[in-house]
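Me: I have a model open and would like to go through its fold by question and answer. Please keep to what can be computed from the atoms.

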Amino acid sequence: MAANPLDNIRVVLVGTLYTGNVGSSCRAMANMGIRHLRLAAPNLQNSWEEGERLAVHATDILAAREEFPSLEAAVADCVAVVGTTAREGLYRQHVKAPRDCASDLLSVAATGPVALVFGREDKGLLNEEIAQCTHLVRIPVDEGYTSLNLSQAVLLTCYELFAASGRYVPPREKAPPAPQAQKAQLNKNWAAMLREIGFMKEEQSDHFMQGFQRVFSRGVVTKDDAALMLGVARQAVWAAKNHA
């Protein structure tokens, strides 16, 4: 079993027309920790110069690509073949969104290679190629314009697998949460400062400090919160100029 299921993902581009789309797809793959590219029956119309330029720092993926004469040959060793399709039809009705099947696909990828298959820029996957797929996915888009650039489709599909893999660890706040005693001292010192600069009088403290406690506990969220903090800033500037 693969320690990292993403290592068993194979991006398979079928009948690709433009090297720029291949290079951009390599960059998308690298962003998402997927590094194995296969080209099935490529029909490239331009030189690799554009592909290498658009791959940016993923030229190693581009250089290591494998080429096959057909989709059948490209997926022969795969335990699952996931076709991507934007079109509808009798044999394309059992599609899922990439997010809805990402975890299941990673479970399969833990046991062997899984192919993510993307069709031609102009007409996608043919029916006979769809017939070779064990799964079908469709990226949710606005119905007003359903066509995606090839590398965009690669990026979105690979992103869902990467997100489901749990490999991304978001940064954590370095400092621990403030204890209640420190928060109480903050309120007391803040109130003293506000009185000192003339923002509020003693008899107004309870009213104003409730507003500041709200800001301290949740941040500046509403227009009232922002107005309160702006008022302090203006008064502090005024006090500094007039007491210099």
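Reply: Contact here means heavy atoms within 4.5 Å. The model is predicted.

Me: With that cut-off, which residues is A97 in contact with, leaving aside its neighbours within four places in sequence?
Reply: A97 lies in the loop between β4 and α5 (98–109). Once neighbours within four places in sequence are set aside, the contacts of A97 are R138 and P140.

Me: Is A97 buried or exposed?
Reply: Buried requires a relative accessible area under 20%. A97 has a relative accessible area of 17%, so A97 is buried.

Me: How far apart in space are A97 and G83, C-alpha to C-alpha?
Reply: In sequence, 14 residues separate A97 and G83. From C-alpha to C-alpha in space, the separation of A97 and G83 is 12 Å.

Me: In what order do the six strands of the open sheet lie?
Reply: The pairing in this open sheet is parallel. Its edge strands, each pairing on one side only, are β3 (66–68) and β6 (135–137). On average, and ignoring direction, neighbouring strands are turned by 25 degrees against each other. The order of the strands is β3-β2-β1-β5-β4-β6.

Me: Which residue in β3 stands opposite R38?
Reply: Strand β2 covers residues 36–40 and pairs with β3 in the parallel sense, over three bridges. The residue in β3 opposite R38 is E66.

Me: What angle does the direction of helix α1 make with that of β2?
Reply: Helix α1 (residues 19–31) packs on the sheet, where it touches β1 (9–14) and β2. The angle between the directions of α1 and β2 is about 155 degrees.

Me: How many residues of β5 are buried?
Reply: From β5, V114, L116 and F118 point one way, while A115 and V117 point the other way. Residues on both sides are buried, so β5 is largely enclosed by the rest of the structure. The count of buried residues in β5 is five of the five.

Me: Which residue in β5 stands opposite G83?
Reply: β5 runs parallel to β1, joined to it by five bridges, and R10 stands opposite A115. Four bridges join β5 to strand β4 (residues 80–84), again in parallel. Opposite G83 in β5 stands V117.

Me: What is the relative accessibility of V114?
Reply: V114 is in strand β5 (residues 114–118). Apart from neighbours within four places in sequence, V114 is in contact with ten residues including N8, I9, R10, C78, V79 and A80. V114 counts as buried because its relative accessibility is 0%.

Me: How far apart in space are V114 and V75, C-alpha to C-alpha?
Reply: V114 and V75 are 39 residues apart in sequence. Their C-alpha atoms are separated in space by 8.3 Å.

Me: Are helices α8 and α9 roughly parallel or oblique to each other?
Reply: The axes of α8 (residues 180–196) and α9 (residues 205–218) come within 11 Å and cross at roughly 125 degrees. The crossing of α8 past α9 is right-handed. An angle over 145 degrees would count as roughly antiparallel, and 65 to 115 as roughly perpendicular. The angle of α8 and α9 therefore makes them oblique.

Me: How many residues of the contact of α8 with α9 are nonpolar?
Reply: From α8, L186, N187, W190, A191, L194 and R195 take part; they meet S205, M209, F212, Q213 and F216 in α9. Three residues of this contact are polar and one is charged. The number of nonpolar residues is seven.

Note on methods
Residues numbered from 1 in each chain as written. Predicted model: local features only at pLDDT ≥ 70, side-chain atom pairs only at ≥ 80, totals over all residues. Heavy atoms only, no water. Pairing = 2+ DSSP bridges. Helix = DSSP H or I, 4+ residues; strand = E, 2+ residues; numbered from the N terminus. Axes fitted to C-alpha atoms, helices over the stretch in contact; angles between N-to-C directions. Buried < 20%, exposed > 50% of the residue type's maximum accessible area, 1.4 Å probe, protein only. Parallel < 35°, antiparallel > 145°, perpendicular 65-115°, else oblique. Left-handed = near helix turned anticlockwise from the far one by under 90°. Nonpolar A, V, L, I, M, F, W, Y, C, P; charged D, E, K, R; others polar.
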